[in-house]
Amino acid sequence: MTTVTSRPTTVELEKPPELEVLNMTKQFGSLVALDNVSLHLKPGTFHALLGENGAGKSTLVKCIMGFYMPTSGKVLIDKQTQTIASPRDAHKYGIGMVYQHFTSVPAMTVAENLVLSRYDSANVINWQREYEQLQTFMDTAPFQVPLDVPIAQLAAGQKQKLEILKQLYLKSKILILDEPTSVLTPGEADEVLGLIREEVTAGKLSVLMISHKFREVTAFVDEVTVLRKGKFAGHGFVKDLSVADMAEMMMGERREPNPVEKTIHPDPKAVLEIKEIHANKDNGIEAVCGVSLTVHSGEIVGIAGISGNGQRELVEVLAGQRVATSGQIVVSGSPYRATRAEMFKHKVFALPEEPLRNACVPHMTVAENMALRTFDRTPQSHGVLLILKAIRQMAQGLIQQFSVKTPSPETPISNLSGGNVQRAVLARELSAQHINLLIAANPCFGLDFAAVEFIHDQIVAARNQGVAVLLVSEDLDELLKLSDRIMVISGGEFVYESSIAEADFAAIGRSMAGH
Amino acid sequence: MAAEALGWWGVPLAIAAGTMRGGTPFLFVSLGECLTEKSGKINLGLEGTLLMGAMSAYAISYLTGSPWLGVLVAGIAGVFLGLIHGWLSQQPRVNDVAVGIAMIVFGSGLAFFLGKPFIQPSAPQLATINLAAAGAPPALQSALQISPLFLLGVAIAPFLHWFFKSTRWGLFIRAVGDSPDAARAMGLSIFNVRMLSVVAGSFLAGIGGASLSLYYPGVWTERISSGQGLMAVALVIFARWNPIQCLWASLLFGGAQALGPALQSVGIEQGYYLFNAAPYILTLIIMIITCSPKRTLTGVPGALGTDN
């Protein structure tokens with residue numbers, strides 16, 4: 001006690017402020033995104049904000065950060081009401097946010113990005129002095145990132161670390177993290193969150209983290225506040241709550257995660273054979289360095305890997321979006337070059353990542369996008385004429401069957417939310433009578449629990465009917481749940497392979513990291 | 001003609017001189033376009049800006065007798081066209097390339113309309129710096145007359161390089177051009193940064209126009225630019241958005257342009273038009289070499305020409 005009172009000023013400076021949100025409401029026109037929500041972030045605690053997509057989590061933190069003006073309600077910092085009109089104001093009170101998407105400039109170096117992020121930097125930059133100061137800062141930071149490397153060359157984990165370092169560099173005392181681990185491997189996520197946890201335990205930081213992952217919440221978080229449909233749905237200490245309790249608060253009903261039921265497929269045949277495929281990245285550097293793989297009917301083969309290790313290029317080659325520099329793809333015994341005719345003949349379907357970019361025409365309607373596979377065949381066309389009525393009817397059926405939330409089949413698909421675009425593409429790809437091969441890449445990226453479960457069920461159902469599934473994902477939990485066989489890609493080569501029964505979590509993590 | 005007395009030696013000499021003369025407008029326009037594109041906008045309209053600059057520089061120089069005032073007004077004419085482009089091209093659902101083409105037509109049309117009375121009279125030219133000794137052959141003397149505008153351009157290139165690397169504003173422009181989302185998260189106004197970049201780029205292009213009409217060829221005609229503004233856009237790609245490389249690329253293009261006249265001056269008449277087409281052929285070759293469906297360009301600003 002005496003030591004604390006003898007140096008009160010430094011202790012005061014080190015301590016993060018207390019943040020309270022009182023009765024905050026935010027309306028967008030007639031839509032109430034946030035309805036009378038309160039939240040209390042005590043100094044030196046790790047607080048999680050839970051909720052499904054559209055529950056108002058992002059709206060709440062954007063109101064705190066000054067991106068949005070709340071319709072009513074107030075923010076208290078150290079018991080004083082403060083108006084935060086812009087992120088710059090938030091910075092003044094020591095609040096900094098790490099966004100879900102990286103906000104560093106890809107073509108600039110780490111040092112340039114850090115200097116740029118400062119609000120008070122001089123007009124002319126003395127690089128020698130800045131480098132010295134940055135190096136001093138890096139030496140004391142919880143994790144290190146090389147200063148003179150362009151962001152584009154950093155791995156996802158390093159980028160996420162940089163985003164957090166940026167806030168520490170700006171001397172933020174309250175960190176708001178928006179799903180900070182969505183692009184990290186479990187190992188990287190544990191490392192980053194663990195180091196932040198140490199700073200919190202030391203009393204140097206308060207953290208408010210938006211998360212979907214209960215594993216991380218139970219491992220690192222002190223308190224949770226749960227939102228549901230824009231309203232406050234619960235609060236509590238993690239030590240008093242079970243995962244089922246938290247899930248119940250989020251979804252309003254108790255729901256156990258249902259295990260996937262797999263049936264063994266009789267008489268498996270090789271459907272997809274990849275032989276020594278090589279492919280280049282956009283910049284001409286080799287990304288896929290000779291991979292070979294066979295997927296049998298009624299089997300899900302999972303490919304794990306940290307993004308940027310060639311899996312994107314491999315999927316693009318399989319989907320016909322990229323030309324392989326050498327190697328061969330064989331589907332059902334005959335060579336496959338991903339032409340439209342071959343896709344139709346061999347019944348190959350794909351669920352690529354970022355479906356709006358890779359599998360949709362954004363300005364076309366939902367119905368037109370759902371007909372992209374079939375519009376040139378009967379009954380949707382007659383000679384050169386399209387039968388619009390048939391296209392519309394099919395779309396209506398699929399919208400209902402796959403519960404795609406869209407105002408009408410005539411809405412441009414780019415107006416739909418990410419989860420519904422994903423559902424619409426899934427509907428198109430899985431609606432065919434016969435499917436031989438399904439190629440899926442990160443099919444659940446950024447979706448909420450309900451949507452993830454739905455998509456997982458659909459993929460397993462397809463597998464049980466004898467479809468060969470190649471599943472590329474950055475989410476190891478997803479791969480372990482769905483796959484029959486798992487492979488790890490690192491540096492453009494497969495470095496690990498095992499059946500799911502014999503899969504070793506630690507070995508997979510090590511081979512993903514390239515060891 | 002000047003090269004005649006020196007015989008075949010006149011060819012490299014004429015090309016060297018032409019490099020400095022003909023390279024000057026390329027240099028200014030490409031530096032202007034480089035600045036504009038670094039902020040993520042494309043300004044094809046610099047062809048129109050170049051003509052407008054050439055016309056206004058010539059007219060002001062003729063009317064006031066001061067060629068330097070002409071240079072300044074050429075820059076201001078560029079600013080005027082840049083404001084239109086910067087505002088129009090940032091409206092929702094407006095495409096930079098379409099606006100740029102409209103601005104080529106508008107800028108050149110305006111220049112031809114206002115410039116009609118100035119085709120005949122001869123305006124005072126910018127003074128040049130003579131590098132050759134007084135006793136040197138006259139051909140050498142005329143070849144080594146260097147425009148202060150050329151030197152200015154040569155100085156601007158490294159300045160711009162330093163500006164992008166070591167100033168806050170330079171970093172802002174690169175951030176806006178490479179990742180508007182990141183810039184927005186920093187609280188920057190994308191509109192203002194791009195507006196200022198487009199306007200400053202157009203100012204430089206206007207001065208490039210002044211070098212056409214007040215230095216080389218030193219007249220005002222409607223065919224004076226012959227597409228140099230558009231070639232400068234290709235040149236920026238060739239230079240990988242690097243101001244220093246813009247300088248070398250401009251000199252290369254200027255040299256290519258001087259090839260035809262240099263060969264003509266030593267009596268090679270055959271294929272004259274073909275040699276005059278050298279810069280255009282060079283543009284095509286560069287486009288073919290640099291554009292590949294399998295590779296992305298290094299150095300290209302991430303948000304160049306996109307809608308956000």
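1. Helix axes here are lines fitted to C-alpha atoms over the stretch in contact, and angles run from 0 to 180 degrees between N-to-C directions. On that basis, the axes of H11(B) and helix H13 (residues 278-290) of chain B come within 7 Å. They cross at roughly 140°. This is a predicted model, so read every value as computed.

2. Why are H11(B) and H13(B) called oblique to each other? Angles from 115 to 145 degrees fall outside the perpendicular and antiparallel ranges, so they count as oblique. H11(B) and H13(B) are therefore oblique. On the H11(B) side, the contact uses B:Phe253, B:Ala256, B:Gln257, B:Leu259 and B:Gly260. H13(B) brings B:Ala278, B:Pro279 and B:Leu282.

3. H11(B), residues 243-265, also packs on H1(B). The angle is about 140° and the axes lie 5 Å apart. That makes H1(B) oblique to H11(B). H1(B) passes H11(B) in a right-handed crossing.

4. Now the nonpolar cores. The largest has 81 residues. Which of them touch the most other members? They are B:Leu31, B:Ala54, B:Leu235 and B:Cys246. Helix H1 (residues 10-38) of chain B gives the most to this core, with 12 residues. A second, separate core holds 79 residues. Among its members are A:Val192 and A:Leu208 from chain A, and B:Ala175 and B:Ala182 from chain B.

5. B:Leu31 deserves a look in the viewer. Setting aside neighbours within four places in sequence, B:Leu31 is in contact with B:Gly153, B:Ile156, B:Ala157 and B:Leu160. B:Leu204, B:Pro243 and B:Cys246 complete its list of contacts. B:Cys246 is also one of the core residues that touch the most other members.

6. Another helix pair in chain B is H2 (residues 46-64) and H3 (residues 67-88). They pack at an angle of about 145°, with axes 7 Å apart. H2(B) passes H3(B) in a right-handed crossing. The residues of H2(B) that meet H3(B) include B:Gly48, B:Met52, B:Ser56 and B:Ile60. Those of H3(B) include B:Pro67, B:Gly70, B:Ala74 and B:Leu81.

7. How many residues does each chain put into the contact between chains A and B? Chain A gives 24 and chain B gives 19. On the chain A side, helix H4 (87-92) and helix H5 (110-117) each supply at least two residues. H5(A) has the largest share of that side, 3 residues.

8. Chain A is divided into two domains. Domain 1 covers 16-104 + 172-251, and domain 2 covers 297-324 + 336-512. Taken over C-alpha atoms, their centres are 32 Å apart.

Technical notes. Residues numbered from 1 in each chain as written. Chains lettered and ligands numbered in written order. Predicted model: local features only at pLDDT ≥ 70, side-chain atom pairs only at ≥ 80, totals over all residues. Domains from an automatic or database assignment. Core = buried A, V, L, I, M, F, W, Y, C linked by C-beta atoms within 7 Å. Buried ≥ 20, exposed ≤ 12 C-beta atoms within 10 Å, placed from the backbone. Helix = DSSP H or I, 4+ residues; strand = E, 2+ residues; numbered from the N terminus. Contact = placed C-beta atoms within 7 Å. Parallel < 35°, antiparallel > 145°, perpendicular 65-115°, else oblique. Left-handed = near helix turned anticlockwise from the far one by under 90°.
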